[in-house]
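Colleague: I am new to this structure and should like to learn how its features are read. May we go through them one at a time?

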Amino acid sequence: MDGEFGSRKKILGLLSEYGECHAALTGQEVLEAIESARKERDPYHAVLLDTGMPKTGPGRLIEKIRHQEGLDALGESNPVKIILLSQDAKEDPPRQGDLSLIRKPVDRIKLSAAFEQVRLL
């Protein structure tokens, strides 16, 4: 999720149009939320990660998410889709089918396109 309060509030508003959503401020909170949802057999369909998230870079966080998913059959058969939020206009979009990139500022059109790219819409 975005580290800036105003951006986070806007993004949560946009996401709420698609269903229930939650915010996490750190990479550790992201991992805990994903693990908790999987244990409840109600996994997240998508996770939005700010590439500028403090303490844990997105690459390392994605590795940890994929490691968690590999620990049970639910995660292996249905990996969470990851959408990266980036302030850097020069950053290359990911090439994997379960990853997408949105350049800030986030809006409905960019969010919808990212969801389509990871096959959520």
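Colleague: Let us begin with His45: where is its place in the chain?

Modeller: A residue is first placed by the elements on either side of it. This is a predicted model, and in it His45 sits in the loop that joins α2 to β1.

Colleague: Is His45 buried or exposed?

Modeller: The cut-off for exposed is a relative accessible area over 50%. His45 has 59% and is therefore exposed.

Colleague: Which residues does His45 touch, apart from those up to four places away in sequence?

Modeller: His45 touches Val80, Lys81 and Leu120. One may also take a distance between C-alpha atoms: those of His45 and Ile34 are separated by 9.9 Å, with the two positions 11 residues apart along the chain.

Colleague: Which other residue of that loop deserves attention for its backbone?

Modeller: Here one reads the phi angle. Arg41, also placed in the loop between α2 and β1, has a phi near 60°, which is a positive value in a residue other than glycine. Arg41 is exposed, because its relative accessible area is 61%. A further case is Arg119, in the segment after α5; its phi is positive, about 65°, although Arg119 is not a glycine. With a relative accessible area of 55%, Arg119 is likewise exposed.

Colleague: How many helices and strands does the protein chain have?

Modeller: The chain has 5 helices and 3 strands. Their order along the sequence is α-α-β-α-α-β-β-α.

Colleague: How should I read the way in which two helices pack?

Modeller: One considers the approach of the axes, the angle and the residues that meet. For α2 and α3, the axes come within 11 Å and cross at roughly 20°. Angles under 35 degrees count as roughly parallel, and α2 and α3 are therefore roughly parallel to each other. The crossing in which α2 passes α3 is right-handed.

Colleague: Which residues of α2 and α3 meet?

Modeller: From α2 they are Gly27, Val30, Leu31, Ile34, Glu35 and Arg38, and from α3 they are Leu61, Lys64, Ile65, Gln68 and Glu69.

Colleague: Is Pro58, in helix α3, buried or exposed?

Modeller: Buried means under 20% relative accessible area. Pro58 has 18%, so it counts as buried. Beyond its neighbours within four places in sequence, Pro58 is in contact with Thr51 and Leu84. Pro58 and Gly27 are 31 residues apart in sequence, while their C-alpha atoms are 8.4 Å apart in space.

Colleague: What is the general idea behind a nonpolar core?

Modeller: In soluble globular proteins, nonpolar side chains tend to be buried together. In this model, the largest nonpolar core has 15 residues, of which Val30, Leu49, Leu61, Ile65 and Ile82 touch the most other members. At least two residues of this core come from each of α2 (27-39), β1 (46-50), α3 (58-69), β2 (81-86) and β3 (99-103).

Colleague: With which residues is Val30 in contact, leaving aside neighbours within four places in sequence?

Modeller: Val30 is in contact with Ala24, Val47, Leu49, Met53, Leu61 and Ile65. There is also a second, separate core, of 11 residues, including Leu14, Ile102, Leu111 and Ala114.

Colleague: Where is Leu14 found?

Modeller: Leu14 belongs to helix α1, residues 5-16. Its relative accessibility is 7%, so Leu14 counts as buried. Although Leu14 and Leu111 are 97 residues apart in sequence, their C-alpha atoms are 8.2 Å apart. Not counting residues up to four places away in sequence, Leu14 touches Val106, Asp107, Arg108 and Leu111.

Colleague: Which peptide bond is cis?

Modeller: The bond from Lys104 to Pro105 is cis, with omega near 5°. Pro105 lies in the loop between β3 and α5 (108-117).

Colleague: What do the totals for the chain add?

Modeller: They place the single residues in context. Of the 121 residues of the chain, 38% count as buried. The accessible surface comes to about 7,200 Å², and carbon and sulfur atoms hold 51% of that surface. Of the contacts between residues at least 6 apart in sequence, 47% join residues at least 24 apart.

Terms used. Residues numbered from 1 in each chain as written. Predicted model: local features only at pLDDT ≥ 70, side-chain atom pairs only at ≥ 80, totals over all residues. Heavy atoms only, no water. Helix = DSSP H or I, 4+ residues; strand = E, 2+ residues; numbered from the N terminus. Buried < 20%, exposed > 50% of the residue type's maximum accessible area, 1.4 Å probe, protein only. Contact = heavy atoms within 4.5 Å. Areas by Shrake-Rupley, 256 points an atom, 1.4 Å probe, with all protein chains shown as cover. Core = buried A, V, L, I, M, F, W, Y, C linked by side-chain atoms within 4.5 Å. Axes fitted to C-alpha atoms, helices over the stretch in contact; angles between N-to-C directions. Parallel < 35°, antiparallel > 145°, perpendicular 65-115°, else oblique. Left-handed = near helix turned anticlockwise from the far one by under 90°.
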